[in-house]
Amino acid sequence: MKFVNEMKPAAQMLERANVTSFTPHFLSWSCSDSGNPTTSCPNMCVNKGRYCAPDPVEGSGVDAATADLVKKHGYSGSDVVEENIRQLCLFKELQKKNETGRWWTYATRHANECAMTKGAFDRPCATGIM
């Protein structure tokens, strides 16, 4: 979420000046075509394998201490997908009100207050900051 924290001031300023507009995008794929998504992409998907995300402890940017904390709390790719969908829905609703700048506030607060390492990466935390 370093990107979101660093981009928030500039993006909000550019949007207020009507110079640009921002739409959030998230990495996802489908595992429903691979036979049985439960075995092909375990814990990575929602909606019967239609929306999947990588395990949050995988990747070159994850240090061992962070990975251990995330594993301790049991988070997986499906948790990431659920939050990504929540953020996209929030953005679309804010777009209808011409208040997309509020998405940045949500995204930065979510990254800080609802972190996987804190065991707070869940719906109650997310809805609490909306």
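## A pocket beside two helices

H1 and helix H4 (77–96) each supply at least two residues of the lining of the second largest pocket. This comes from a predicted model, so to speak a computed portrait of the chain. H1 gives the largest share of that lining, with 3 residues.

The second largest pocket has a volume of about 240 Å³. Its lining counts 14 residues, and those closest to the pocket centre are Glu 15, Asn 98, Glu 99, Thr 100 and Gly 101. Sorted by class, the lining of this pocket holds 9 polar, 3 charged and 2 nonpolar residues.

## The chain as a whole

Let's step back to the overall layout. The protein chain has 6 helices and 2 strands, and along the sequence they come in the pattern α-α-β-β-α-α-α-α. Taken along the principal axes, the box filled by the C-alpha atoms of the chain is roughly 50 × 35 × 30 Å.

## H1 against H5

Two packed helices are described by the angle between their axes and the distance between the axes. For helix H1 (residues 2–16) and helix H5 (residues 101–113), the angle is about 165° and the axes lie 10 Å apart. Angles over 145 degrees count as roughly antiparallel, and H1 and H5 are therefore roughly antiparallel to each other. The crossing of H1 past H5 is left-handed.

Which residues in H1 meet H5? On the H1 side they are Phe 3, Val 4, Asn 5, Met 7, Lys 8, Ala 11, Gln 12 and Glu 15, and their partners in H5 are Gly 101, Trp 103, Trp 104, Thr 105, Ala 107, Thr 108 and Asn 112. By class, this contact of H1 with H5 has 7 nonpolar, 6 polar and 2 charged residues. Two of the residues named here bring us back to the pocket: Glu 15 and Gly 101 are among those closest to the centre of the second largest pocket.

## H4 against H5

H5 also packs with H4. The axes of these two helices come within 9 Å and cross at roughly 155°, which makes H4 roughly antiparallel to H5. Here the crossing is right-handed, whereas H1 passes H5 in a left-handed one.

On the H4 side, Glu 83, Arg 86, Gln 87, Leu 90, Phe 91 and Leu 94 take part in the contact, and in H5 they meet Arg 102, Trp 103, Tyr 106, Ala 107 and His 110. The contact of H4 with H5 has 6 nonpolar, 2 polar and 3 charged residues by class. Trp 103 and Ala 107 of H5 meet H4, and Trp 103 and Ala 107 also appear in the contact with H1.

Technical notes
Residues are numbered from 1 along each chain as its sequence is written. This is a predicted model: local features need pLDDT of at least 70, side-chain atom pairs count only at pLDDT 80 or more; totals for chains, interfaces and linings use all residues. Side-chain values use heavy atoms; hydrogens and water are left out. Axes are lines fitted to C-alpha atoms, for helices over the stretch in contact, and angles run from 0 to 180 degrees between N-to-C directions. Helices (H or I, at least four residues) and strands (E, at least two) are DSSP runs, numbered from the N terminus. Angles under 35 degrees count as roughly parallel, over 145 as roughly antiparallel, 65 to 115 as roughly perpendicular and the rest as oblique. A crossing is left-handed if the near helix is turned anticlockwise from the far one by less than a right angle, and right-handed if clockwise. Contact means heavy atoms within 4.5 Å. Ala, Val, Leu, Ile, Met, Phe, Trp, Tyr, Cys and Pro count as nonpolar, Asp, Glu, Lys and Arg as charged, and the others, Gly among them, as polar. On a 1 Å grid over the protein atoms alone, a cavity is a set of points where a 1.4 Å probe fits but cannot get out, and a pocket is an open set with protein on both sides within 12 Å along at least five of seven lines; lining residues have an atom within 4 Å of a point. Grid points are joined across faces, edges and corners, and a volume is the space filled by probe spheres set on the points.
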